[in-house]
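Visitor: I'm new to this one, and I'd like a close look at a single part: the place where the two domains of one chain meet. Could you walk me through that, and then show me how it fits into the rest?

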Protein chains: 2
Amino acid sequence: MRIERSAMADREWPGCAKSLKGVILDLCGVLYESGEGDGVAIPGSIEAVKKLKESDLQLRFCTNETQATREKFVAKLQRLGFDISVCEVFPPAPAAIAVLKERNLRPHLLVHDGLVPEFDGVDKSSPNCVIIGDAAEHFTYQNLNEAFRVLIGLEKPVLFSLGQGRYYKETDGLKLDVGVYMKALEYACDLKAEVIGKPSPTFFQSVLNDMQLQAHEVLMIGDDLLNDVGGAQHCGMKGVQVRTGKYRPSDERHPAVTADGTVDDLAQAVDVILRQRGR
Amino acid sequence: MRIERSAMADREWPGCAKSLKGVILDLCGVLYESGEGDGVAIPGSIEAVKKLKESDLQLRFCTNETQATREKFVAKLQRLGFDISVCEVFPPAPAAIAVLKERNLRPHLLVHDGLVPEFDGVDKSSPNCVIIGDAAEHFTYQNLNEAFRVLIGLEKPVLFSLGQGRYYKETDGLKLDVGVYMKALEYACDLKAEVIGKPSPTFFQSVLNDMQLQAHEVLMIGDDLLNDVGGAQHCGMKGVQVRTGKYRPSDERHPAVTADGTVDDLAQAVDVILRQRGR
């Protein structure tokens, strides 16, 4: 059964693997499922990361994770058993801080408590913009209303959203993601948010720059059809979806985005890639 | 000063008042401002309602109020000093209950505790639709996530929103309204909500039916440019905006909706109407 499915996957994205020079992996839903404590590693994914690292492919991790600082969630992945280091991981918050500096903006934060330390060195007095991340339980009516009042009180309201995901899967079920609250504030204030994170082309490009590779040399593997697969394809990369995390069968007949391949999980994706490369 | 402004208002909607047979008033932001306890009556509005009732014009109240049952909030308005009775008031919840019966639907409710009794007689087992109202502090992450999970689990998800307002004004500032959370769930589930309440034409028509009047014979007065004024105009009524409640100066240069008149408050609107009618 496993062999049969792999054979199918082979036919779905032929040729692509041989010309690859790098792979970008999403984290949540691909490497692990978040939930109580550290969450759980998805079966086979620890070994799959190890195999990629042993190959001649460059490897980076690109995530819209905003519930903790980069140091904290990389440490969590290491505890789960992954061979991963901070400099290989690209989350939205450091990118947002660069934008704030560039444009001389002082943020009001509507983010998870775990992310607040990432903004320690940032001037937050008299805010002239709002940043929302995946605040989860911190998305209370009062907190959302406070962010709304800051925006509606600005002459030129600026809203940054750390990602635009609809939902993700934790061990106890689907959870609303930051994009839902981005849309809420967009409607309340009649504005368009600037997304920092996937699927923003600027964000993907910063990862490609770090790899010193061209888009067509790189494959993105994620569980989010629109933000991982569609976003990567929009930049000229290949995009493969795993059937773990937030994957839903209806993704395979989406009217706008078709993955370059759909595989059961990361382990299968890596097996196919490495076999096609003849290693 | 007062006379000068009224004279201006006269020029803005000339002639309309003489052909009127009925007036529909919004409640919150026109008669009163909500807030701690019962809120406060807007100066002059108690007398303005009295004058309209003594005139030959028919009078109804059309509201998107969904924080309490109709009986409860009419009693609150009576305590504030308004001459108003339950049968003159049209809120969304009773209209929603009629739709549920007609289409054989069982709702999951995401509404304010105060509205729950309105749905006492409604079968809520194995829900096959979601109704959201202005739940205010009850719009917790957990409650919104629960409504999301019900919708995403349905083969044909149906979302009813009791109004689509962006925000309203309470005595302590602006507050996010139900429309913001409607947009959030629309995005999360990739669907379009059905709005029950203003500006739904069906909803306005039910008030006109009760008055037995044609749309062109009726004037709507509200503080919400899009849902009161624009909604009424879309049905063929005249729409006048008051500079109380959620009114903002930018409303007077809105790209899509232009009120038939803009007045300082309900008292001024009623003075102009009755003077133009020569009474």
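**Where the two domains meet**

Guide: Let's start right at the seam: across the interface of domain 1 and domain 2 of chain A, the rule finds one salt bridge. The partners are E33(A) and K169(A), and their closest N and O atoms sit 3.7 Å apart. Keep in mind that this is a predicted model, so every value here is computed from it.

To see what is being joined, look at the domain assignment. Domain 1 of chain A comes in two stretches, 9-63 and 198-276, while domain 2 of chain A covers 93-195. Taken over C-alpha atoms, the centres of these two domains are 26 Å apart.

Now for the seam itself. On one side, 15 residues of domain 1 of chain A are in contact with 11 residues of domain 2 of chain A. Between them, the two domains bury about 1,000 Å², and carbon and sulfur atoms account for 52% of that. On the domain 1 side, E33(A), S34(A) and K246(A) lose the most area to domain 2, together 39% of what that side buries. You've met E33(A) already, as one half of the salt bridge with K169(A).

What about polar contacts? There are four residue pairs of that kind between the two domains, counting those with both residues at pLDDT 80 or more. By class, the domain 1 side that touches domain 2 has five nonpolar, five polar and five charged residues.

While you're in this area, have a look at K198(A) and P199(A). A cis peptide bond joins this pair, with omega at about 5°. P199(A) is in the loop between β11 (194-195) and α7 (201-211) of chain A. Chain B has a cis bond from K198(B) to P199(B) too, with omega near 5°, and P199(B) lies in the loop between β11 (194-195) and α7 (201-211) of chain B.

Let's step back to chain A as a whole. Its secondary structure comes to nine helices and 14 strands. The radius of gyration of chain A is 19 Å, close to the 19 Å that the globule rule gives for 279 residues, so the chain is as compact as a globular protein of that length. Along the principal axes, the C-alpha atoms of chain A fill a box of roughly 60 × 35 × 35 Å.

Finally, there's the meeting of chain A with chain B. Here 29 residues of chain A are in contact with 29 residues of chain B. The area buried between the two chains is about 2,800 Å², with carbon and sulfur atoms giving 62%. Y141(A), L176(A) and Y187(A) supply 32% of the area that chain A buries against chain B, more than any other three residues.

The count of salt bridges between chain A and chain B is zero, but there are 16 residue pairs in polar contact, both at pLDDT 80 or more. The elements giving two or more residues to the chain A side are α5 (141-152), β9 (167-170), β10 (173-176) and α6 (178-189). Of these, α6(A) gives the most, with seven residues. By class, the chain A side that touches chain B has 15 nonpolar, six polar and eight charged residues.

One last stop is A136(A), in the loop between β7 (129-132) and α5 of chain A. A136(A) has a positive phi of about 50° although it is not a glycine.

Technical notes. Residues numbered from 1 in each chain as written. Chains lettered and ligands numbered in written order. Predicted model: local features only at pLDDT ≥ 70, side-chain atom pairs only at ≥ 80, totals over all residues. Heavy atoms only, no water. Contact = heavy atoms within 4.5 Å. Buried area = accessible area lost by both parts, 1.4 Å probe. Salt bridge = Lys/Arg side-chain N within 4 Å of Asp/Glu carboxyl O. Polar contact = N/O pair within 3.5 Å; in protein donor to acceptor, adjacent residues only side chain to side chain. Helix = DSSP H or I, 4+ residues; strand = E, 2+ residues; numbered from the N terminus. Nonpolar A, V, L, I, M, F, W, Y, C, P; charged D, E, K, R; others polar. Domains from an automatic or database assignment. Rg over C-alpha atoms; globule rule 2.2 N^0.38 Å.
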